[in-house]
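Trainee: I've got this model open and I'd like to know what stands behind the words people use for it. Can we go through them one at a time?

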Amino acid sequence: MQAKPDIREFPPVQLEEYLIQKKEKPFRVKQIQEWLWKKSVRSFDEMTNLSLPLRKMLTEDFVINSLKEDFIQKSADGTIKMRFRLYDENLIEGVLIPSIGRITACLSSQAGCSLDCHFCATGFMQLKRNLFAGEIYDQVVLLNRISVEAYGKPLTNIVFMGMGEPLLNYKNVLAAIDKITSENGLNISAKRITVSTSGIAKMIKKLGDDGARFELALSLHSANNMKRSKIMPINGSNPIENLAEALNYFHQKTGNKITFEYILFDGFNDSLEDARELVELCRKVPVSMVNIIEYNPVEAVPYKKSPEKKREVFVNYLERHGVIAKVRHSRGKDIDAACGQLAIKERNGTVK
Ligand code: SAH
Ligand code: SF4
């Protein structure tokens, strides 16, 4: 038996044809879409302005593959990690990070990741599959619900810094952002969304061609090809020169903000020579800021975070050379919710 199609993945034009075939009014498409996205209902029975026979018909012919809350953990610093179960039993994680004046939702774009950055827990998992647009969207809906419950306020910002490489799930990530920012969806400003990428030059250019409206963060971690390739194998096929060119193209086409992410690893990329190479690169790319990220320990990873003193020297060097650098301390470390720590841990005490 063929599986029923997921109605949120079904193109509206085809849905209209389906309705006409079933002798229903084509304008029902709009009502159905509104229930699915703006009102975020997850069963046809809740679509109360549709007739009972139509609701029954939709239930027979379609499914709504939605995320289920699976497990929730709260950190001492207020960060909340949520594990979601997908319809096919795969698991993903999303994080809610409250800070002064904002509440940021950190979303996953894939279950696992196919790239194996040597410092990232997700990289140690295999890629299970790409998430559908609806599954990315649902993370925002569910995290927003938790935000209101836990902090009394809706979330304000979204970063694609959870599991997976968003630009390797390009179509669905963009479709999800489209709905998240749409008046017919969650109506969140694209300016409050940041997509973080390990750097796939061709797709960064495509973002420029497609007129992306969100901000872009490049996970750089070294401005030196040899070093970067050592910790990020993707750099072999996407070296820094190609990324710099792609980022210039992206900026020229969209004018959107670009930032670099830079984890400081002790004795690996935290010397003054490393800082000098970074400054040089910042002069070639329209980057507005470098986020200096604290390394979050991941089991079996040989790197350590830089000591505070070295970090200060590094940051001072950047600032003296006109590069704006912001130190980002990690959040939610005690529950493995910090950047790079998202990996599904089964049967080790973190499961229900
Ligand atoms: N795949 C995308 C987005 C998800 S990773 C990317 O790589 O950009 C989100 C961020 O977490 C990236 O900047 C990544 O380099 C960083 N990260 C990965 N492992 C980390 C760790 N152990 N400590 C701190 N940051 C980490
Ligand atoms: Fe994948 Fe990003 Fe982790 Fe690299 S850092 S393995 S691209 S999730």
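Trainee: What makes residues in the lining of the second largest pocket nonpolar, polar or charged?
Mentor: It goes by residue type: Ala, Val, Leu, Ile, Met, Phe, Trp, Tyr, Cys and Pro are nonpolar, Asp, Glu, Lys and Arg are charged, and the others, Gly among them, are polar. In this predicted model, that gives seven nonpolar, two polar and five charged residues. Arg-8, Glu-9, Trp-37, Ala-133 and Ala-175 lie nearest the centre, out of 14 lining residues.

Trainee: What ground rules sit behind this?
Mentor: The model is predicted, so local features need pLDDT of at least 70 and side-chain atom pairs pLDDT 80 or more, while totals for chains, interfaces and linings use all residues. Residues are numbered from 1 along each chain as written, chains are lettered from A and ligands numbered from 1 in written order, and side-chain values use heavy atoms, without hydrogens and water.

Trainee: Why is something called a pocket?
Mentor: On a 1 Å grid over the protein atoms alone, a pocket is an open set of points with protein on both sides within 12 Å along at least five of seven lines, and lining residues have an atom within 4 Å of a point. Its volume is the space filled by probe spheres (1.4 Å probe) set on the points, joined across faces, edges and corners. The second largest comes to about 270 Å³, and the largest to about 970 Å³.

Trainee: Which helices supply at least two residues of the second largest pocket's lining?
Mentor: H2 (28–38) and H6 (170–181), with H6 giving the largest share, five residues. Helices are DSSP runs of H or I with at least four residues, and strands are E runs of at least two, numbered from the N terminus. By that rule the chain has 11 helices and 12 strands.

Trainee: What about the largest pocket's lining?
Mentor: There are 35 lining residues, with Arg-102, Thr-104, Val-159, Met-161 and Arg-328 nearest the centre. The classes are 16 nonpolar, 10 polar and nine charged.

Trainee: How do you know that His-221 makes a polar contact with ligand 1?
Mentor: A polar contact needs a pair of N or O atoms within 3.5 Å. A polar side-chain atom of His-221 is 2.6 Å from a ligand 1 oxygen, so the pair qualifies. A polar backbone atom of Asn-296 is 2.9 Å from a ligand 1 nitrogen, which also fits.

Trainee: Which residues are around ligand 2?
Mentor: Being near takes a heavy atom within 4 Å. Cys-113, Leu-115, Cys-117, Cys-120, Gly-123, Gly-164 and Ser-198 pass; four are nonpolar, three polar and none charged.

Trainee: Why does the chain agree with a compact globule?
Mentor: The globule rule, 2.2 Å times the number of residues to the power 0.38, is set against the radius of gyration over C-alpha atoms. For 352 residues it predicts near 20 Å, and the chain has 22 Å, so the two agree.

Methods. A polar contact is a pair of N or O atoms within 3.5 Å; within protein, one must be able to donate a hydrogen and the other to accept it, and residues adjacent in sequence count only if both atoms are side-chain atoms.
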